[in-house]
Amino acid sequence: MPESYGEVTDCAGSKRPFSLEDLAEAIQSDTGSAEDLRLQKEWLTTLIDALPDIVCFKDANNRCLVANRFYLDLFRLDSNDYVNRTAQELSRQSPFYERFMTTCGTTDEQAWNDRRPISFEQTIPLLEGGEKIFDIQKVPLFNGDGGRKGLVMIGRDVTERKLAAARIHHLAHHDSLTSLPNRVLFQERMRDALAQARRSGCMMALLLLDLDKFKEVNDTLGHPVGDLLLRAVAKRLLSCVRETDTVARLGGDEFAVLLTNLSDADGASTVAETIIRNIAEPFGLDDNEVVSGVSAGITIFPDDGPDAQDLLKNADLALYRSKNEGRGRYHFYVAEMDQEVQNRKAIERDLRHALATDQLCLHYQPLVDLENGAILGAEALVRWFHPERGSIPPSIFIPVAERSELIFRLGRWVLLRACMQIQTWHSQGLPPLQISVNLSPAQFRHPDLLDTIRSIIEQTGVDPAQLQLEITETIAMTNFDYSVQVLREMRDMGLSIAIDDFGTGYSSLNYLRHFPVDKLKIDRSFVVDFDHHPGNDAIVRAIVNLGHGIGAKVNVEGIETAEQLSFMRDLACDECQGFYFSRALPAEEYARLVTLADPWVQDGPK
């Protein structure tokens with residue numbers, strides 16, 4: 001609020017700011033000539049009417065002396081009706097503003113009693129609808145003997161400032177995409193919920209939620225559709241809980257739900273089941289039907305932790321188990337999960353050490369020509385022999401590497417060692433066999449992948465034609481345009497490309513014809529129980545025809561019996577691999593196997 005309204009000259013000839021007290025003195029003054037008083041009050045009226053604020057001067061008995069045009073227009077008071085009236089009397093003239101006038105009377109007395117200026121905020125409804133917020137200041141004035149002289153009220157409209165502050169606060173505490181509470185507000189709500197649970201003795205549940213295959217929606221349909229999906233999921237989540245519960249978006253496709261005042265854990269499982277069922281229903285988004293899902297991890301206070309940090313950590317462990325066990329499900333936290341995490345951390349720590357101390361090696365499983373039994377090459381498979389734990393299966397350490405940055409280091413190591421081994425065999429006089437190396441999803445998406453491959457080829461001098469890179473069907477279909485571009489650049493280097501685990505993913509045959517593919521590898525699941533699933537032969541035959549139709553060879557994995565071998569030969573597969581021929585062998589044993597003449601004949605190994 002303005003602290004002065006111009007300048008005045010005192011009796012000594014010095015200039016000083018014209019203050020509220022001067023205004024009040026001038027209004028109440030009855031000294032000077034009539035013309036002087038008229039001019040003075042005309043000037044003061046013009047001044048205060050020009051202010052976009054509430055201005056009102058009162059006498060010692062709280063009766064209005066002067067009010068500006070803004071005040072009169074706001075409260076619909078005629079200028080002839082308000083003079084010498086108290087706030088209580090004015091409330092009868094303007095009943096719509098009775099509440100404000102009553103407050104005015106109370107605060108007038110408070111200012112007199114405190115003998116100092118007071119400030120407060122007041123919300124004032126408008127006759128035309130809506131409301132305004134004013135910052136009201138009241139300044140009591142006293143005579144030299146301490147008696148009451150008059151009171152000044154000024155009110156500034158701070159509605160826009162308040163709305164702006166509210167918007168800033170909302171943006172700081174809510175997710176801009178879904179308008180749900182963000183991580184900051186969620187943590188505040190969680191602290192409050194924990195305090196309430198401790199006081200009441202009731203249970204509180206925390207659910208961490210993660211959308212299934214959300215990245216695939218972004219990659220295949222685009223980020224705008226992904227954003228629509230997140231908004232739609234937020235609405236469905238809100239419909240699954242009570243108004244007293246909290247749904248928050250923590251970031252990306254991760255959501256959280258706080259359930260308060262629970263009598264038992266069954267309430268949390270009921271909500272989890274409702275959420276999973278609702279999110280599984282198709283979403284109609286921008287002319288696209290999107291099918292998603294959600295996995296959940298649940299912790300209960302006080303059973304699973306005393307504070308927010310422990311509950312969040314344990315809910316994340318439960319969520320991890322849900323996602324690992326097939327997604328679209330929920331798990332409650334159990335203490336054993338913490339041991340699983342410690343084991344994973346130990347594996348990650350030891351794997352870092354293994355990469356630096358040569359504990360890893362490659363084994364090679366032969367690829368066999370189904371027509372003549374000749375060895376065509378091998379698939380390179382990483383093995384880890386821990387000095388204390390012994391052999392650690394890839395099914396244990398590969399997922400750990402996938403969840404950290406180690407997967408790219410591990411993948412580079414495998415590719416480098418395979419290329420070095422090819423050159424070693426070449427120097428030993430072995431024929432130029434092709435070696436296949438698997439690329440993980442994280443490797444394939446890494447921006448340095450192509451430069452890494454070029455660097456290794458240059459470093460080792462390997463013939464690119466002897467190197468085949470394998471990606472899964474799901475990797476190929478994720479971010480289709482990017483995948484095609486990367487695969488074409490690999491082809492331009494002279495490498496060959498294989499699609500692994502074909503038939504288990506979700507690829508479109510229309511898309512497949514755009515991929516530069518040299519080989520389709522049929523997943524072993526179509527082989528191991530073909531005699532129990534008669535339809536498998538039709539699927540394999542269709543894949544063989546598809547592969548040959550696009551100019552690719554067809555490999556089948558998991559051959560373990562003569563019957564399986566005969567079955568795949570009848571279906572015109574090109575090559576195969578499996579324990580029927582050989583397990584994955586160390587480099588020296590594989591080399592000895594290759595040097596044997598005709599190691600396999602039509603009916604199996606010698």
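## Exercises: a helix, a sheet and some salt bridges

The buried residues of helix α8 pack against α7 (159–173), β8 (203–211), β9 (246–251), β10 (254–262), β13 (294–301) and α12 (308–324). Contact here means heavy atoms within 4.5 Å, and helices (H or I, at least four residues) and strands (E, at least two) are DSSP runs, numbered from the N terminus.

Before you start: this is a predicted model, where local features need pLDDT of at least 70 and side-chain atom pairs count only at pLDDT 80 or more, while totals for chains, interfaces and linings use all residues. Residues are numbered from 1 along each chain as its sequence is written, and side-chain values use heavy atoms, with hydrogens and water left out.

### Exercise 1: Walk along α8

Task: Check the span of α8, then find its buried residues and look at both ends.

Solution:

Step 1. Helix α8 covers residues 183–200, which is 18 residues. The expected span is 1.5 Å times one less than the number of residues. That gives 26 Å, and the end C-alpha atoms are 25 Å apart, so the two agree.

Step 2. Now pick out the buried residues, where buried means under 20% relative accessible area, exposed over 50%, and partly exposed in between (1.4 Å probe, protein chains only). In α8 they are L185, F186, M190, A193, L194 and A197.

Step 3. Look at the start of the helix. A side-chain oxygen of N182 comes within 3.2 Å of the backbone nitrogen of V184. A polar contact is a pair of N or O atoms within 3.5 Å; within protein, one must be able to donate a hydrogen and the other to accept it, and residues adjacent in sequence count only if both atoms are side-chain atoms.

Step 4. Go to the other end. G201 follows α8, and its phi is positive, near 80°.

### Exercise 2: Lay out the sheet

Task: In what order do the strands of the open sheet run, and which strands stand at the edges?

Solution:

Step 1. The sheet has 5 strands, in the order β9-β10-β8-β13-β14, with mixed pairing. Two strands pair if DSSP finds at least two bridges between them.

Step 2. β9 and β14 (330–332) are the edge strands: each has a single partner strand, so one side of each has no neighbour in the sheet. From one strand to the next, the twist averages 20°.

Step 3. Zoom in on β9 and β10. They run antiparallel and are joined by 5 bridges. One pairing to look up is V247 with its bridge partner V257 in β10.

Step 4. Put the helix back in. α8 lies across β8, β9, β10 and β13, and runs at about 20° to β10. For such angles, axes are lines fitted to C-alpha atoms, for helices over the stretch in contact, and angles run from 0 to 180 degrees between N-to-C directions.

### Exercise 3: Spot the unusual backbone

Task: Describe the peptide bond from F301 to P302 and the phi values of N62 and S179.

Solution:

Step 1. Keep the background in mind: most residues other than glycine have a negative phi, and most peptide bonds are trans.

Step 2. The bond from F301 to P302 is cis, with omega near 10°. P302 sits in the loop between β13 and α12.

Step 3. N62 is not a glycine, yet its phi is positive, about 65°. You'll find N62 in the loop between β3 (54–58) and β4 (64–67). Its relative accessibility is 10%, so N62 counts as buried.

Step 4. S179 also isn't a glycine, and its phi is positive, near 65°. S179 belongs to the loop between α7 and α8. With a relative accessible area of 45%, S179 is partly exposed.

### Exercise 4: Trace the salt bridges

Task: Which parts of the chain do the salt bridges K58 to D108 and R63 to E89 link?

Solution:

Step 1. A salt bridge is a side-chain nitrogen of Lys or Arg within 4 Å of a carboxyl oxygen of Asp or Glu. The whole structure has 26 of these salt bridges.

Step 2. In the K58 to D108 bridge, the closest N and O atoms are 2.7 Å apart. This pair links distant parts of the chain: K58 is in strand β3 and D108 in helix α6 (residues 98–114), 50 residues apart.

Step 3. Check burial for that pair. K58 has 3% relative accessibility, so it counts as buried. D108 is at 1%, so D108 counts as buried too.

Step 4. For R63 and E89, the closest N and O atoms are 3.4 Å apart. R63 lies in the loop between β3 and β4 and E89 in helix α5 (residues 87–93), so the pair ties together parts 26 residues apart in sequence.
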